[in-house]
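Okay, everyone, thanks for coming. I'll put the structure up and then walk you through a few spots in it.

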Amino acid sequence: MRKKIGRKFFIRQTLVVAKNLLGKFLVRKIGKKIISGKIVETEAYLGPVDRASHGYKMKKTPRSKAEYLIGGHIYIYLVYGMYWQLNISTEKAGLPRCILIRALEPVIMEDKKSKIKNKKLTNGPGKLCRWLKLDKSFYAEDLVKSKRIWLEDRDEKIKKSQIIATKRIGIDYAGRYWANKKWRFYIKNSQFVSKK
DNA sequence: GTACAGATTGAG
DNA sequence: TCAATCTGTACT
């Protein structure tokens with residue numbers, strides 16, 4: 001059964017949502033084409049206390065304001081001047097909390113032979129956004145209402161034992177304490193999670 | 001107007 | 001392990 005995920009899903013605790021997001025499907029509609037992928041890797045950012053979060057100490061900038069929206073909105077932004085990061089805001093409005101989608105398992109295999117190629121298509125936040133053709137026009141898009149991108153529950157149950165929690169990536173600048181928080185989640189044995 | 005950071009990537 | 005890469009952001 002395919003069920004569109006509604007607002008309630010996103011307004012729970014960020015860490016809960018991050019774990020529950022694993023195994024859900026991200027659906028993207030481009031014109032008449034629909035592409036989708038299973039979420040296999042996420043990272044939670046718990047502002048305002050999380051030093052790695054853009055909303056640390058409730059810092060508010062035009063860029064990070066989508067992070068404060070009520071759960072279910074897309075918070076997308078550019079890093080290194082060239083890579084997009086796809087985040088989903090969580091919890092209630094006013095809290096800078098979000099989940100970074102780090103990796104997807106592509107569902108469409110247009111060319112069956114290119115399976116291996118696809119494996120490398122979405123195994124990183126930057127590549128994932130390139131694949132989904134996401135850009136600034138999706139800033140603050142509402143996943144609950146949008147007609148071009150949304151999340152689906154397809155009854156793929158992920159057992160707790162399949163979920164691995166590890167340190168987040170690339171945030172050493174935030175200090176040892178926060179960098180060592182095990183707020184990155186991925187599905188065990190998935191071949192599509194980002195490296196290392 | 002301009003300095004600069006950056007939650008990455010891919011090559012070595 | 002490390003450096004290339006570049007635009008939006010946030011200052012002056």
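D155 sits in the loop between β7 and β8 (163-166); helices (H or I, at least four residues) and strands (E, at least two) here are DSSP runs, numbered from the N terminus. This is a predicted model, so local features need pLDDT of at least 70, side-chain atom pairs count only at pLDDT 80 or more, and totals for chains, interfaces and linings use all residues. On naming, residues are numbered from 1 along each chain as its sequence is written, while chains are lettered from A and ligands numbered from 1 in the order in which they are written.

Back to D155: its phi is positive, about 60°, although it is not a glycine. Is D155 buried or exposed? It counts as exposed, because it has 9 C-beta neighbours inside 10 Å. The cut-offs are these: buried is 20 or more other C-beta atoms within 10 Å of the residue's own, exposed is 12 or fewer, and partly exposed is in between, with C-beta atoms placed from the backbone.

I158 is in that loop between β7 and β8 too. It is partly exposed, because 19 other C-beta atoms lie within 10 Å. I158 and N20 are 138 residues apart in sequence, yet 8.3 Å apart in space, C-alpha to C-alpha. Leaving aside neighbours within four places in sequence, I158 is in contact with L22, G23, I163 and I187; contact means C-beta atoms, placed from the backbone, within 7 Å.

Now compare E91, in the loop between β5 (83-89) and β6 (97-106). Its phi is positive as well, near 60°, and it isn't a glycine either. But E91 counts as buried, because it has 21 C-beta neighbours inside 10 Å. One more backbone oddity: a cis peptide bond joins G47 and P48, with omega about 0°, and P48 is found in the loop between β3 and β4 (74-79).

On to the sheet. Strand β2 (residues 25-30) pairs with strand β3 (residues 33-46), antiparallel, over 6 bridges; strands pair if DSSP finds at least two bridges between them. That hairpin has 2 residues between the strands, and G31 takes a positive phi near 60° there. β2 also pairs with strand β7 (residues 149-153), again antiparallel, over 4 bridges. Look at V27: it stands opposite S36 in β3 and opposite W150 in β7.

What about the inside? The largest nonpolar core has 46 residues, and V40, L86 and I99 have the most contacts inside it. A core here is a set of buried Ala, Val, Leu, Ile, Met, Phe, Trp, Tyr and Cys residues joined through C-beta atoms within 7 Å. The largest share of this core, 6 residues, comes from β6. Not counting residues up to four places away in sequence, V40 touches L22, A103 and Y186, among others.

Then the DNA. Around strand B there are 20 residues, the closest being G81, L100, G124, G126 and G170; near means a C-beta atom, placed from the backbone, within 6 Å. β5, β6 and α4 (125-132) each supply at least two residues of that surface. The residues around DNA strand C are T61, P62, R63, Y77, L78, Y80, G81 and M82.

Last, confidence: pLDDT is the predictor's confidence in each residue, from 0 to 100. Chain A has a mean of 89, and 94% of its residues reach 70 or more. Among its elements, helix α3 (residues 115-119) has the lowest mean, 63, and helix α1 (residues 7-10) the highest, 97.

Key: Two residues are in contact if their C-beta atoms, placed from the backbone, lie within 7 Å.
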